[in-house]
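Subject: The structure for you to look at

Dear colleague,

I am passing on the structure we talked about, and I would ask you to look through it once before you read my notes below.

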Amino acid sequence: MFFPSRLRAIGAAVALCVGAPGLWAQTAAAPVLAQNPLIASVVAPAAAPNPAAPSAAQPPSWAQALDAAWARSAESAAAVAAAQSAGAEQAAARAWLPGAPVLEVGWRTDQFNRNAGARESELGVALPLWLPGQRLASAQQAEAAAAVAQAGASAQRLQLAHALLEAAAAVQQQQLALALRTAEVEAMRQLAADMQRLLAAGERARTDSLAAQAELLQAQALLQQERSELQSAELQWHSLTGLSAIPPLEALQAQAASGADPTTTLAQHPLLREALARSKWAQRQLALVERSRRAAPELQTRWVQQVEARGAAATQSLGLTLRIPLHSPAQHTPQLFAAQGAYAQAQARQQELERQLQAQWAQQHAALAGLQPQIAHAAERAGQLRERAALIEKSFRSGETALADWLRTRAAAAEAESALQALRLQQQIAQARLQLSLGNLP
């Protein structure tokens, strides 16, 4: 093998396609690769687009992909359950009573001792009552729980959007790698055929033909590997969304590049809104605990029918009783301290998350800004090496340069082209990540 590096092997094939337009036009993969925007700049000098080619199927939008993934996720079911639980809490807070009434039924007789015909029937109802300010505190706590459920669903959707972006980026990267590998195989196949023809004509040594055949076999083996890796990435995307097509990354870049104030945008970040909602809920829970220093009082209504002796007339009475439990610091203080600790922890978590989101946005913004000069340098380097490869090709065609030197020169040029395409794709992915880091859902 001339090139131990796998990347240089890929580059050699792409350079053959770039430097030899006639050769590229004869390959079967040219129409397919020419329609791929990821490698359009690589094959543009060699292949023109076919206006009669059918347009590709319309890919789904990011919102549609996110909705499809959300419908398949376990988090969606958990969000529905949380919303239902919060709704039940709100309904309970609007009730007139803090708990269920208690029905009491009693009956007494003396037939087991005196048997004088005395008997008594009793019917009572006990109604729990709200403590002063407890009902309002319970309603506010239930509203805070509903806000937590809503904010939590948005935060979970954002996390799912991050997972979708990484899955889509993996597919795009593997598609680019497969396109380059396909170009390499077709170029090596054509090169092997040319070397075999020149060998038969006595214009090339058998060593050049064997070298070309060896390069073709290696390229075919690596092509199968790229296909397997692409299939794996596509299965990951399909398992998340149930979809086959992938929305374009450019759809996530518009707002990321609009220059909006990150401080204002981050204030509406779903993760930060969830942390704020949980802090508000902890505050409301603390207020409810402070209003619940004792057990709920009870209003008891009792009706009694009594017969003193056999044959005596029955008498009836109606009674009203109010039970007021006393305050017990030993029972209430642990609950109060626990609520205070939960509120302090929620506030600290909110502040910490705000700092983390700002730092994350700054890091991704710096990484995106650093890609632009890299792309400019890579484009300049690719142009220079492409021109050098064209000069060496003329020398090879005239028999002044050996095959190994020609391939090494083209490998360097194609490696630069591959690196340029990889950087451009990386820039698209970085822009999409920056968009999600601001908390903007598709």
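One thing to notice on the outside is a nonpolar surface patch of about 600 Å², which is made by L103, V105, L123, V125, W303 and L318. The elements that give two or more residues to this patch are β1, which covers 102–109, and β2, which covers 119–128. Please keep in mind throughout that this is a predicted model, and that each value in this message was computed from it.

One member of the patch, V105, has its place in strand β1, and because its relative accessibility is 67%, where exposed means over 50%, V105 counts as exposed.

How are the strands arranged? Four strands form an open sheet in the order β1-β2-β3-β4, and the pairing is antiparallel. In this sheet β1 and β4 (315–323) stand at the edges, where each has a single partner strand, so one side of each is left without a neighbour in the sheet. If the direction of the strands is ignored, neighbouring strands of this sheet are turned against each other by 15° on average. Looking at one pair in detail, you will find that β2 and strand β3, which covers residues 298–307, pair in the antiparallel sense over ten bridges, and that S121 has Q305 in β3 as its bridge partner.

Now to the helices, with one residue as an example. Is Q141, which lies in helix α7 (residues 134–200), buried or exposed? Q141 has a relative accessibility of 9%, and because buried means under 20%, Q141 counts as buried. If we leave aside its neighbours within four places in sequence, Q141 is in contact with E89, W281, R284, Q285 and L288.

Finally, here are some values for the protein as a whole, which may help you to place these details. The secondary structure comes to twelve helices and four strands, and buried residues make up 40% of the 442 residues in the protein. Among the contacts with a separation of 6 or more, 81% are accounted for by residues 24 or more positions apart. The protein exposes about 23700 Å², and carbon and sulfur atoms supply 55% of that area.

When you open the model, you might begin with V105 in strand β1 and then turn to Q141 in helix α7, since I have described both above.

With best wishes

Note on methods: Residues numbered from 1 in each chain as written. Predicted model: local features only at pLDDT ≥ 70, side-chain atom pairs only at ≥ 80, totals over all residues. Heavy atoms only, no water. Buried < 20%, exposed > 50% of the residue type's maximum accessible area, 1.4 Å probe, protein only. Contact = heavy atoms within 4.5 Å. Areas by Shrake-Rupley, 256 points an atom, 1.4 Å probe, with all protein chains shown as cover. Patch = residues over 30% accessible without salt bridge, like charges linked within 9 Å, V, L, I, M, F, W, Y side chains within 5 Å. Salt bridge = Lys/Arg side-chain N within 4 Å of Asp/Glu carboxyl O. Pairing = 2+ DSSP bridges. Axes fitted to C-alpha atoms, helices over the stretch in contact; angles between N-to-C directions.
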